[in-house]
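User: Could you take a close look at one part of this model for me, the place where the two chains meet? I'd like the contact itself first, and then whatever helps me put it in context.

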Amino acid sequence: MLQVTDLHVTVEDKEILKGLTLTINAGEVHAIMGPNGAGKSTLSAVIAGKDGYEVTQGSITFEGKDVLEMEIEERAQAGLLLGFQYPVEIPGVKNIYLLKSALNAQRKARGLEDMPAPEFMKLVKEKLGFMKMDASFLQRAVNEGFSGGEKKRNEILQMLVLQPKLAMLDEIDSGLDIDAMKVVADGVNSLRAEERAILLVTHYQRLLDYIVPDKVHVLVDGRIVKTGDAELAKQLEANGYEGIEESAA
Amino acid sequence: MATEEMEQLVRREYKDGFVTDIESDTLPPGLDEDTIAFISKKKGEPEWMLEWRLDAYRQWLNMKEPSWAHLDYPPIDYQAISYFSAPKRPEDGPQSLDEVDPKLLETYEKLGIPLHERAALAGVAVDAVFDSVSVTTTFKKELSEAGVIFCSISEAIRDYPELIKQYLGTVVPVADNYFAALNSAVFTDGSFVFVPEGVTCPMELSTYFRINAANTGQFERTLIICENRAQVSYLEGCTAPMRDENQLHAAVVELVALDDAYIKYSTVQNWYPGDENGKGGIYNFVTKRGDCRGARSRISWTQVETGSAITWKYPSCVLRGKDSIGEFYSVAVTNGRQQADTGTKMIHIGEGTRSYIVAKGISAGKSDQSYRGLVKIGPRAKGARNFTQCDSLLIGDKCGAHTFPYQEIGNSTATIEHEATTSKIGEDQLFYCRSRGISEEDAVSMIVNGFCKDVFQELPMEFAVEAEALLNVTLEGAVG
């Protein structure tokens, strides 16, 4: 589904990713772990198309299409969706309005009509209930005055409504207490499906107790130095990244 | 996003730019007492009206064009302007839509104003002003059954001279300011509304103004009077064809509300703003003022300003009556090289008077925008209250937003609140929306409409939809 090959990325003339290769197939959950500054968030930002990241070498394809040639919105319309570590506030724009615009923009790109309002409301209310969010969230401005936990839930809510093919979650666990983490993890787990892949970017193993990945990659200094299953994450927790770096060297 | 890319995106074309080819009965450029006599005669006006105009003209000659506004434009040559232009048609004018020049109707169609449909479906009486002459008036009969007079100001001068003598120039005196004096001397048409005591006007009144003949100044004069306990909602919408020469527009609008009367005046303005280098475009110098003359009367101005090269406009309320209310809700959008100096004046004279100001300014491209507001509380205005909210939204890094709030408080019992914010559409906001599959333009429009929501909800329904659409056209590609 997603193929990243020998990816080199520079930010402000500094090389962050130095030849990263990654293959994600439909139905899989991948976790990328690594110390601060290893380039974890850079990877998901580049895939989503954020400005300021220069790809100097390598390629990214999604379902055979060249992702780097696509506009930001085209990537989302193709089914690549990024959940933000720090979702931005948009005053004046209601949450429900953003959800509806995003869903209908994606439907339009796929040649579908706008979803009828009653159907949309039913969908949103169901997902809202799943994320244990109050209906008043819909009427609030996007992320405005949301607590850290509310913002993260809101990101997952969008995922549940938009149903991407590849959901990328950047440090979705940061700043969450244990109850909020469980709700977020339940939301992510409910996305697991044959036809869908999930890419988790995280610093801590903790999240992976709730969302058990099929594959764990250790990213150090711009490269994936080790790949394993969920067990690898547990080793990391016990030995830290230092040990991995040494064994990889 | 790179700067060049931004600049490219900000460029856009004026969608309403086309010229209707209708023969005009146009006066050659120039202004003197003969010009005024010609206009007055052409309008079939009585002698006292001509004298009124000449008085204004003589005062204007001794006045100076104001220079205090935060605007920069070359001097206007008032002798290079033609002061009268009327579509060439039988002197009586058409009695129904069937008699209207089909080309004109076509023009309205292009602007998305299906006149008959709109009139019939929405129950809106439309007094369409094309250049300087009222071409068609619908629903006049229904209105007259309710006792409401809705006609062109020229007709009113002929048919209701007593009302005109009683009210014209009482809110905006002939020598109020330079542009108002000019208008008083040379106004060619406009609307007149009179709602008698106790009557709520049975429909929303709407006028579409359009400037057409090349090099023609347009000087509209509008007078709306609501007697005791009368109510009216008046809608004004404007678009203009593309043009090279700058066109001067100096309108005067006067509103009079007596005891317990309510006048709601809504404007959507989309005149040609000029090209990307600032060439062409309408110069809009407007004096709009409402007089809350009666106790508990209320006047509400709502405006959406997207057009014009230069805007100089301060719809105001004089709160004379005890417990009267003045409101001003405004969205002003500038793009390209547009300049706008706009705001309001709330003059509290009576006891217990209240005023609300919500002004939203959006600047994009290389445009420059100022909010200028005066809240004045007189010594007799015991317990007067004002609330002002003034927000600016910047798109890109080449535009400007300025706020000039003035407060003159002559009474210690007054309560004044002022809130102001300035924000910028951030790249991170756009990235967030786009990463959800929403196009850049839709994202901008979503954020801008969210910003303007408080004002749009004050507009009558059909106008709110139009305003939203207009905003999207105006800001097409204006991303930074």
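Analyst: Here's a walk through the interface, followed by chain A as a whole and a few spots inside each chain. Keep in mind that this is a predicted model.

Let's start with the size of the contact. Chain B puts in 18 residues and chain A 31 residues. Together the two chains bury about 2000 Å², and 64% of that sits on carbon and sulfur atoms. On chain B's side, F431(B), Y432(B) and R436(B) provide 39% of the area that chain B buries against chain A, more than any other three residues.

Now the polar side of it. Eleven residue pairs between chain B and chain A are in polar contact. Two helices of chain B, α10 (427-434) and α11 (440-456), each give at least two residues to the side that touches chain A. The largest share, seven residues, is from α10(B). Sorted by class, that side of chain B has seven nonpolar, five polar and six charged residues.

As for charge pairing, three salt bridges cross between chain B and chain A. One pair to look at is R434(B) with E71(A), where the closest N and O atoms are 2.9 Å apart. These two residues also belong to a salt-bridge network that links E71(A), E73(A), R434(B) and E440(B).

Stepping back to chain A, you'll find seven helices and twelve strands. Its C-alpha trace spans about 55 × 40 × 35 Å along the principal axes. The radius of gyration is 18 Å, which agrees with the value near 18 Å for a compact globule of 249 residues. Of those 249 residues, 53% count as buried. Among chain A contacts between residues at least 6 apart in sequence, 68% join residues at least 24 apart.

One such spot to zoom in on is L138(A), in the loop between α4 (117-130) and β8 (141-142) of chain A. L138(A) has 2% relative accessibility, so it counts as buried. Leaving aside residues up to four places away in sequence, L138(A) touches K94(A), N95(A), I96(A), L99(A), M121(A), V124(A) and L128(A).

Chain A also has a salt bridge between E171(A) and K40(A), with the closest N and O atoms 3.9 Å apart. E171(A) is in the loop between β9 (166-170) and α6 (178-191) and K40(A) is in helix α1 (residues 40-48), so the pair ties together parts 131 residues apart in sequence. E171(A) is buried at 10% relative accessibility, and K40(A) is buried at 5%.

Over in chain B, R58(B) and E33(B) form a salt bridge at 2.9 Å, N to O. R58(B) lies in helix α3 (residues 47-61) and E33(B) in helix α2 (residues 33-42), so this pair ties together parts 25 residues apart in sequence. Here both partners are partly exposed: R58(B) has 38% relative accessibility, and E33(B) has 30%.

Last stop: N386(B), in strand β21 (residues 385-394) of chain B. N386(B) counts as buried, with 2% relative accessibility. Its side chain makes a polar contact of 2.9 Å with the side chain of T388(B). Residues that N386(B) touches beyond four places away in sequence include H348(B), V375(B) and T415(B).

Conventions. Residues numbered from 1 in each chain as written. Chains lettered and ligands numbered in written order. Predicted model: local features only at pLDDT ≥ 70, side-chain atom pairs only at ≥ 80, totals over all residues. Heavy atoms only, no water. Contact = heavy atoms within 4.5 Å. Buried area = accessible area lost by both parts, 1.4 Å probe. Salt bridge = Lys/Arg side-chain N within 4 Å of Asp/Glu carboxyl O. Polar contact = N/O pair within 3.5 Å; in protein donor to acceptor, adjacent residues only side chain to side chain. Helix = DSSP H or I, 4+ residues; strand = E, 2+ residues; numbered from the N terminus. Nonpolar A, V, L, I, M, F, W, Y, C, P; charged D, E, K, R; others polar. Rg over C-alpha atoms; globule rule 2.2 N^0.38 Å. Buried < 20%, exposed > 50% of the residue type's maximum accessible area, 1.4 Å probe, protein only.
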